[in-house]
Amino acid sequence: MSSKETFSQISPSEFFYRNRDLAGFSNPTRSLYTAVREFVENSLDACDQKGILADVHMSIKAVDAEKPDPKQYILTVRDNGPGIESNHVPLAFGTVLYGSKFGLKQARGMFGLGATMAILYGQITTNKPVNVKSSTDGKTQDEYEMLLDIQKNKPVILRHETKEVSKTGLSVSICLEGDYAKAGSKIRDYVYQTSLITPYATITFDDPKGEKYRYTKVIRTMPPSPTVIRPHPHGIDVETIRRMLLDTHYQIPAVDDNMISKVRKELGLANKNLSHSEIMDKTQKKWKTLTRSVRIVMALVSFLKMDFEKLSKTTIEEIDIGNKKLTYWDFGESQSISVDMDPESFYYKQLANTVQGETLTSFLTKRFQRVGPTTALKFAEYAKFKPEHRIGTMTNQELVKLTDGLQSFDDFMAPDPSCLAPLGESPLKKGMERFFEPDFLEVVQRGASAYSGFPFVIEMGIAYGGKISSRGMKVYRFANRIPLLYDEGSDVVLKVVNDTDWSRYKVKGDPPLVIVSHICSTRVPYKTVGKENVADRPEIERELKLALLSLSRKLSSFMSKRGQAEAAIKRKNLYSKYIPLIAQFCTELAGKKKEPNYKKMITEEPIVEKET
Amino acid sequence: MKKKPRKKDSEDKQHTLADLLKKHGAQIYDDLDKGNFPKFSIPSRSVSNIVYDKKIRQYILGANTAVRSSRNTSQLRAFTQLMWLAFFANRLTGQKKSSTLRDVYYSSQAFEVDFEDQSESDNIIVDLEAVLASPRESFHVFPEERSSVFGDLTIEYTVPGYEGKKTNLSDHPDGYAIGPSLTSSEFTETSAEVVIAIEKGGLFTRFVEEQVDKKFKAIIVDTGGQAPRSTRTLLKRLHDELSLPVVILTDGDVYGEHIAMVIKSGSANAAHLRELTVPDAKWVGVWATDIEKYKLPTIPMTESDIKRCHDLLKDPRYQEGIWKKELEVFLKIKRKAELEAFSKYGLTNITDKYLPQKLEIAKSL
């Protein structure tokens with residue numbers, strides 16, 4: 001593609017250097033916060049993937065505490081994760097676009113780019129190297145100090161040492177220009193809220209002022225981890241289809257010595273030198289056990305009518321199915337030779353299949369999730385393709401037509417949610433319990449749903465009273481276990497909460513109420529580049545509403561019980577205050593000396609209506 | 001001519017009230033003693049329960065009652081307040097002390113009975129009036145505002161310290177303030193044949209100066225605008241006990257007309273009380289028709305005057321006689337005149353010319 005060529009003029013590091021605003025490194029305040037996020041999220045993702053209960057320790061220290069902000073800070077994030085193989089460390093932290101997170105499943109970050117960006121930013125602002133300590137076996141630890149060569153997109157290792165340790169894990173430390181005075185509250189919110197949604201992790205934070213924030217894990221079981229899955233037809237675009245087709249095509253194998261010995265082995269020829277016809281007989285007999293590449297070679301051999309000796313001296317140039325011609329280059333005679341292929345031949349059909357790719361139905365059932373043969377046939381009819389249409393022969397226009405069809409066909413089953421990693425009701429509940437110690441707490445996990453082919457799951461919790469100190473409703477928003485801290489005004493969650501008529505659920509005034517909302521998806525539909533607010537897709541809005549509805553109903557019944565209990569106490573207090581006064585006044589009015597015996601009226605336990 | 005007043009036993013009345021208070025107190029005492037939450041019913045004072053009674057020619061409360069229960073926490077406070085007020089009223093009457101609305105408000109604070117403001121305590125006072133069917137003056141809560149009376153009437157005080165002491169109400173030319181001691185006194189002797197209630201203090205003074213009391217054998221009462229309850233009580237007693245006709249002179253406008261009507265038939269606000277009206281009282285002027293007849297200097301009616309006219313025309317009491325006719329004339333001429341307007345013809349014109357004519361007309365009303 002031509003656009004790729006334009007960018008290949010500069011290295012990826014150079015590109016990111018010039019466009020660092022896009023990645024969240026626009027100013028010292030934002031950059032410090034973004035760097036914290038990138039490192040903490042990398043650590044949590046790494047631990048999640050290996051099923052390790054994460055311990056993440058983060059510290060920010062001023063290089064010179066006396067200086068005013070913005071100034072240089074040392075940011076260190078240490079975890080107990082799997083670590084990174086020593087020989088990968090320089091590439092992983094010293095180049096841009098080196099990552100392991102490719103594939104369709106839910107994770108916090110996308111490609112692991114952010115950490116490298118933070119290192120790049122640190123280097124740009126302070127010209128100090130990054131320090132990485134990694135141990136994958138829990139015995140030896142590799143420590144690297146390196147700089148990034150921006151123009152060449154290559155690491156420059158300044159120092160490399162190994163020493164003995166007792167634990168696995170990764171520690172990354174960078175020096176960067178930041179403004180903690182301004183970013184502090186944002187970072188503290190981030191740590192706090194991340195702990196809320198990650199109750200199976202211990203997260204600590206030592207801030208530059210010496211404050212220590214400690215959030216220890218409250219559960220010791222890991223929520224089930226997501227699996228990598230095939231894409232759903234609704235979530236596909238033309239470019240993705242094109243890439244899928246590329247690796248569907250079987251390359252015409254090079255008939256080198258390796259290949260020939262493979263063929264011999266599969267045909268059970270050992271070192272025997274058989275004639276062409278004898279070889280073809282063997283091939284016929286063993287066809288079903290042969291691997292695909294061997295089948296192709298043998299199909300070619302059937303038309304070339306040559307033995308292995310000669311075959312090793314040729315290269316297949318072109319297989320022209322349309323004109324039924326096979327062209328090869330003969331090294332011995334240094335010329336191209338064409339032979340005709342018999343279209344009635346069994347081997348011709350095999351070749352045609354290979355070159356033209358799979359049929360549409362086979363492509364759909366094998367390469368996509370949730371598509372069976374019946375659905376594939378229905379789709380072909382809907383999109384006006386022949387089911388046996390070879391995808392390898394599709395023109396650009398046909399590909400666009402196919403993509404449009406895939407996106408608009410309604411009868412595909414909903415996307416497979418096994419690639420999602422919701423937290424689960426019990427962990428969410430425990431996390432909220434720890435932070436709020438509420439009088440009332442309910443959580444709900446909705447079933448999987450999908451928008452535009454991307455599966456998602458909504459989890460929500462609602463807490464009332466107890467140690468919730470805020471007056472008025474507070475909404476904590478999360479997406480893929482990441483807190484969304486800003487731009488909440490335009491967020492779909494806020495919209496749903498604000499659209500709710502809370503008085504119907506007996507919630508009045510400025511209630512001490514917390515709502516935690518967690519959206520899990522392989523692609524969260526953020527409204528803006530900042531990834532702080534979720535767009536109001538109708539499918540998501542609907543699920544949020546249903547989740548909130550089921551929770552607020554439970555809250556309502558709690559509130560009415562609580563209301564009854566409160567009213568009973570209030571009643572008792574009022575009786576205690578006024579009945580003695582009434583007694584005093586009526587005694588004098590009635591002309592009696594002794595007050596009436598009203599004591600039992602105010603000492604009896606108030607009657608609370610039973611739950612219905 | 002001297003009249004022997006009909007015997008009026010205010011002692012008896014006090015006894016009745018005290019009995020009533022005691023009866024209520026005992027009932028509540030018994031309830032408490034049995035562990036029941038006491039309650040009582042109060043005639044409802046809501047607008048829907050105020051009806052006009054043609055027979056007794058005043059607004060009265062209908063049959064609706066509101067139950068106030070001490071079990072109901074939203075009523076408990078008001079219940080206690082009412083109990084306190086009954087208790088306080090009992091002490092006031094027992095000790096023959098008098099008090100005012102404002103006094104009541106402050107007195108409550110000695111008993112942990114909290115009123116948020118005076119309007120709350122005023123409201124409870126009206127509740128007690130409704131329960132006892134007696135005006136607040138009967139339990140010794142008197143209004144602040146004072147109007148005056150002048151004329152040949154000898155009274156005998158009943159208030160503590162003055163018992164048996166007599167005074168003639170013509171002894172002081174500024175008149176006598178109509179306060180609790182005056183309204184609670186016994187009327188012993190009078191030569192008067194008529195009571196003239198007049199809206200304005202200035203005219204009251206003129207009437208005393210011009211010896212209207214002697215010339216017309218009248219007791220002159222200054223209502224000071226809308227007549228306070230004690231003044232209305234006095235007027236009623238003068239009429240009922242001394243059989244004196246009552247005539248009323250007001251400014252020639254819609255408000256003046258209504259001042260007369262309230263003396264005659266009470267107000268909707270006091271629909272729960274029946275001892276404040278003088279149904280036979282007569283409004284003799286200044287009428288709208290007088291404005292033309294006497295060619296009085298006038299001022300134009302304001303928008304609110306006109307609105308008030310239309311409002312009153314819907315009132316059942318204004319559906320006949322001069323009451324209706326004069327309102328319609330006011331609406332027609334859209335002008336009004338004050339009592340002082342007669343000064344155009346000389347300061348004594350009103351007493352020399354107008355008053356005699358009007359007293360004459362009053363006989364035929």
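# Exercises on a predicted two-chain model

Chain B contains 13 helices and 17 strands. The model is predicted.

**Exercise 1. Find how the radius of gyration of chain B stands against the value for a compact globule, then do so for chain A.**

Step 1. Chain B has 365 residues, for which a compact globule would have a radius of gyration near 21 Å. The value for chain B is 22 Å, so chain B agrees with the rule.

Step 2. Chain A has 612 residues, and a compact globule of that length would come to near 25 Å. Chain A has 34 Å instead.

Step 3. Turn to the boxes along the principal axes. The C-alpha atoms of chain B fill roughly 75 × 50 × 35 Å, and those of chain A roughly 135 × 65 × 45 Å.

Step 4. For secondary structure, chain A is assigned 19 helices and 17 strands.

**Exercise 2. State what share of each chain is buried and what share of contacts is long in sequence.**

Step 1. In chain A, 48% of the 612 residues count as buried. In chain B, buried residues are 55% of 365.

Step 2. Take the contacts of chain A with a separation of 6 or more: residues 24 or more positions apart account for 70% of them. With contacts in chain B between residues at least 6 apart, 73% join residues at least 24 apart.

Step 3. The exposed surface is about 30,300 Å² for chain A, with carbon and sulfur atoms supplying 50%. For chain B the area is about 16,600 Å², and carbon and sulfur atoms again supply 50%.

Step 4. Chain A carries 89 positive and 76 negative charges, whose mean positions are 6 Å apart. In chain B, 54 positive and 53 negative side chains have centres 4 Å apart.

**Exercise 3. Describe the largest nonpolar core and the surroundings of B:Val149.**

Step 1. The largest core has 72 residues, and B:Val149, B:Phe207 and B:Ile219 have the most contacts inside it. Helix H12 of chain B, residues 321-333, gives the largest share, seven residues.

Step 2. Leave aside neighbours within four places in sequence. B:Val149 then contacts residues including B:Leu169, B:Tyr176, B:Ile178, B:Phe204 and B:Ile219. Its list also includes B:Gly175.

Step 3. A second, separate core has 63 residues, among them A:Leu75, A:Val77, A:Ala183 and A:Phe436.

Step 4. As background, nonpolar side chains in soluble globular proteins tend to be buried together.

**Exercise 4. List the buried residues of helix H6 of chain B and what covers them.**

Step 1. Helix H6 spans residues 201-209, and its buried residues are B:Leu203, B:Phe204, B:Arg206, B:Phe207 and B:Val208.

Step 2. The cover of these residues includes strands E7 (148-150), E12 (194-198), E13 (218-222) and E14 (246-249) of chain B. Helices H7 (212-215) and H13 (349-364) of chain B are also included in that cover.

Step 3. Just after H6 of chain B, B:Gln211 has a positive phi of about 55°.

**Exercise 5. Locate the cis peptide bonds at A:Pro70 and B:Val286.**

Step 1. The bond from A:Asp69 to A:Pro70 is cis, with omega near -5°. A:Pro70 sits in the loop between strand E1 (55-62) and strand E2 (71-79) of chain A.

Step 2. The bond joining B:Gly285 and B:Val286 is cis too, with omega about 0°. B:Val286 belongs to the loop between strand E15 (282-285) and helix H10 (288-293) of chain B.

**Exercise 6. Classify A:Arg370, B:Glu112 and B:Ser230 as buried, partly exposed or exposed.**

Step 1. A:Arg370 lies in the loop between helix H13 (360-367) and helix H14 (373-383) of chain A. Its phi is near 65°, positive although the residue is not glycine. Its relative accessibility is 32%, so A:Arg370 counts as partly exposed.

Step 2. B:Glu112 is in the loop between helix H3 (101-107) and helix H4 (118-132) of chain B. Phi is near 60°, again positive in a residue other than glycine. The relative accessible area of 64% is over 50%, so B:Glu112 is exposed.

Step 3. B:Ser230 is placed in helix H8 (residues 229-242) of chain B. Its relative accessible area is 2%, under the 20% limit, so B:Ser230 is buried. Not counting residues up to four places away in sequence, B:Ser230 touches B:Glu137, B:Pro143, B:Ile178 and B:Thr183.

Notes
Residues are numbered from 1 along each chain as its sequence is written. Chains are lettered from A and ligands numbered from 1 in the order in which they are written. This is a predicted model: local features need pLDDT of at least 70, side-chain atom pairs count only at pLDDT 80 or more; totals for chains, interfaces and linings use all residues. Side-chain values use heavy atoms; hydrogens and water are left out. Helices (H or I, at least four residues) and strands (E, at least two) are DSSP runs, numbered from the N terminus. The radius of gyration is taken over C-alpha atoms; the globule rule is 2.2 Å times the number of residues to the power 0.38. Buried means under 20% relative accessible area, exposed over 50%, partly exposed in between (1.4 Å probe, protein chains only). Contact means heavy atoms within 4.5 Å. Accessible areas come from the Shrake-Rupley method with a 1.4 Å probe; for residues, only the protein chains shown count as cover. Lys and Arg count as positive and Asp and Glu as negative; His and the chain ends are not counted. The place of a charge is taken as NZ of Lys, CZ of Arg, CG of Asp or CD of Glu. A nonpolar core is a set of buried Ala, Val, Leu, Ile, Met, Phe, Trp, Tyr and Cys residues joined through side-chain atoms within 4.5 Å.
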